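Consider how a short chain can be read from single residues outward to the whole fold. The paragraphs below follow that order.

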Amino acid sequence: MPNGKPANVRCVQLGDHHECLLFGQPDRPSFCEGLKPAPEMCGDSRQEALLWLGLMETATQPDRGAAK
Ligand code: SF4
């Protein structure tokens, strides 16, 4: 995704089984490489992880940025 991944858009590098197709590859984005999972991000299920992701995408929308 040369222009970045918009919020609420599935990454084109996400495989059919929700795995990163670039994992371990040199062209994996540095942001993805540097993001370390934490229990509060992952929760206990895919549903909980998606809920967290949705909250983060909402909280980081440009018109809701922390800088305001
Ligand atoms: S880790 Fe990054 S490149 Fe891989 S699927 Fe997720 S957003 Fe896409």
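Leu 22 is buried, because its relative accessible area is 13% and the cut-off for burial is under 20%. Leu 22 belongs to the segment before helix 1. Across 11 residues of chain, the C-alpha atoms of Leu 22 and Glu 33 are 9.8 Å apart. The model is a predicted one, and what follows describes that prediction.

Two other residues come from that part of the chain. His 18 is located in the segment before helix 1, and Gln 25 is also found in the segment before helix 1. His 18 has a relative accessibility of 41%, so it counts as partly exposed. Gln 25 likewise has a relative accessible area of 41% and is partly exposed. Both values fall in the class between the buried limit of 20% and the exposed limit of 50%.

The backbone of His 18 deserves a remark. Most residues other than glycine have a negative phi. The phi of His 18 is near 65°, a positive value in a residue that is not glycine.

Separations along the chain and in space can be set side by side for these residues. His 18 and Arg 46 are 28 residues apart along the chain, and their C-alpha atoms are separated by 10.0 Å. For Gln 25 and Glu 48, 23 residues apart in sequence, the C-alpha separation is 28 Å.

Next comes the fold as a whole. The secondary structure consists of 3 helices and 0 strands, and the order from the N terminus is α-α-α. Helix 1 covers residues 30–34 and helix 2 covers residues 39–42, while helix 3 runs over residues 46–59. The C-alpha trace spans about 35 × 30 × 20 Å along its principal axes.

Thr 58 is a residue of helix 3. With a relative accessible area of 34%, Thr 58 is partly exposed. Its C-alpha atom is 20 Å from that of Val 12, and 46 residues of chain separate the two.

How much of the protein counts as buried? Of its 68 residues, 7% do. The protein exposes about 5900 Å² of surface, and carbon and sulfur atoms supply 61% of that area. There are 7 positive and 9 negative charges, and the mean positions of the two sets are 6 Å apart.

The cysteines can be taken together with the disulfide search. A disulfide is a covalent bond between the sulfur atoms of two cysteines. Searching the whole structure gives 0 disulfides; the criterion is a pair of cysteine sulfur atoms within 2.5 Å. Cys 11 counts as partly exposed because its relative accessibility is 28%. Cys 32 has a relative accessibility of 32%, so it too counts as partly exposed.

Cys 32 also leads to the largest pocket, since it is one of the residues nearest the pocket centre. The others named there are Lys 5, Phe 31, Leu 35 and Leu 53. In total, 38 residues line this pocket, and its volume is about 1700 Å³. Which elements give two or more residues to the lining? They are helix 1, helix 2 and helix 3. Helix 3 gives the most, with 8 residues.

Note on methods. Residues are numbered from 1 along each chain as its sequence is written. This is a predicted model: local features need pLDDT of at least 70, side-chain atom pairs count only at pLDDT 80 or more; totals for chains, interfaces and linings use all residues. Side-chain values use heavy atoms; hydrogens and water are left out. Helices (H or I, at least four residues) and strands (E, at least two) are DSSP runs, numbered from the N terminus. Buried means under 20% relative accessible area, exposed over 50%, partly exposed in between (1.4 Å probe, protein chains only). Accessible areas come from the Shrake-Rupley method with a 1.4 Å probe; for residues, only the protein chains shown count as cover. Lys and Arg count as positive and Asp and Glu as negative; His and the chain ends are not counted. The place of a charge is taken as NZ of Lys, CZ of Arg, CG of Asp or CD of Glu. On a 1 Å grid over the protein atoms alone, a cavity is a set of points where a 1.4 Å probe fits but cannot get out, and a pocket is an open set with protein on both sides within 12 Å along at least five of seven lines; lining residues have an atom within 4 Å of a point. Grid points are joined across faces, edges and corners, and a volume is the space filled by probe spheres set on the points.
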